[in-house]
Amino acid sequence: MATNQGDQGKTGTTKGTAKRGFAAMDEAQQRSIASKGGQAAHQKGTAHEFDSEEARRAGQKGGEAVSRDREHMAEIGRKGGESRQSANRAAGNRQGGTKSDNKQ
């Protein structure tokens with residue numbers, strides 16, 4: 001009976017997850033190849049460059065997608081509030097006490 005070597009490799013991964021080709025290269029090598037492709041596209045005149053309006057629309061679209069996740073937005077808000085509260089406490093301590101200590 002023949003065995004399927006793709007089922008499990010040396011690392012115990014399941015079929016189809018072994019990195020091959022571009023994905024198997026180290027990051028520096030991937031960047032080098034991708035950079036050459038980008039340079040060629042610019043030289044050929046087919047490279048895409050965002051103008052400010054297109055970039056604005058893309059950012060807006062991403063923001064709308066993120067804001068649909070109410071739980072994520074609540075988490076962001078909590079972190080912002082905690083950060084601001086922490087910054088206010090630090091500022092109060094630098095001035096020689098808390099804000100309530102400075103009120104007279």
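Four salt bridges turn up in this predicted model. Three of the pairs are described here one by one, along with a network, a nonpolar patch and the confidence scores.

The pair in helix α1 is R31 and E27, whose side chains meet in a salt bridge with an N to O distance of 3.2 Å. Both residues sit in helix α1, four residues apart, or about one turn of the helix. As for solvent, R31 and E27 are both exposed. Helix α1 itself covers residues 27-44 and has the highest mean pLDDT among the elements of the protein, at 93.

Helix α2, residues 52-67, holds another pair with this spacing: R57 and E53 are four residues apart there, so about one helical turn separates them. The closest N and O atoms of the R57–E53 salt bridge are 3.7 Å apart. Neither end is buried, since R57 has a relative accessible area of 46%, which makes R57 partly exposed, and E53 is also partly exposed, at 35% relative accessibility.

Moving on to helix α3, which spans residues 70-94, E75 forms a salt bridge with K79, and the closest N and O atoms lie 3.5 Å apart. Because E75 and K79 are four residues apart in helix α3, about one helical turn lies between them. The two ends fall on either side of the 50% cut-off for exposed residues: E75 is partly exposed, with a relative accessible area of 36%, while K79 counts as exposed at 51% relative accessibility. Back among the salt bridges that share partners, E53, R56 and R57 are joined into one network.

Charged pairs are not the whole story at the surface. V66, M73 and I76 make up a nonpolar surface patch of about 220 Å². Of these patch residues, I76 is found in helix α3. With a relative accessibility of 43%, I76 counts as partly exposed, because that value lies between the 20% and 50% cut-offs.

How confident is the predictor in all this, and where is the pLDDT lowest among the elements? Averaged over the protein, the pLDDT is 81, and 76% of the residues score at least 70. Helix α4, residues 99-102, has the lowest mean pLDDT among the elements, at 52, in contrast to the 93 of helix α1. Over residues 1-9 the pLDDT is below 50, and this stretch has eight contacts in the model beyond near neighbours in sequence.

Note on methods
Residues numbered from 1 in each chain as written. Predicted model: local features only at pLDDT ≥ 70, side-chain atom pairs only at ≥ 80, totals over all residues. Heavy atoms only, no water. Patch = residues over 30% accessible without salt bridge, like charges linked within 9 Å, V, L, I, M, F, W, Y side chains within 5 Å. Areas by Shrake-Rupley, 256 points an atom, 1.4 Å probe, with all protein chains shown as cover. Helix = DSSP H or I, 4+ residues; strand = E, 2+ residues; numbered from the N terminus. Buried < 20%, exposed > 50% of the residue type's maximum accessible area, 1.4 Å probe, protein only. pLDDT = per-residue confidence, 0-100. Contact = heavy atoms within 4.5 Å.
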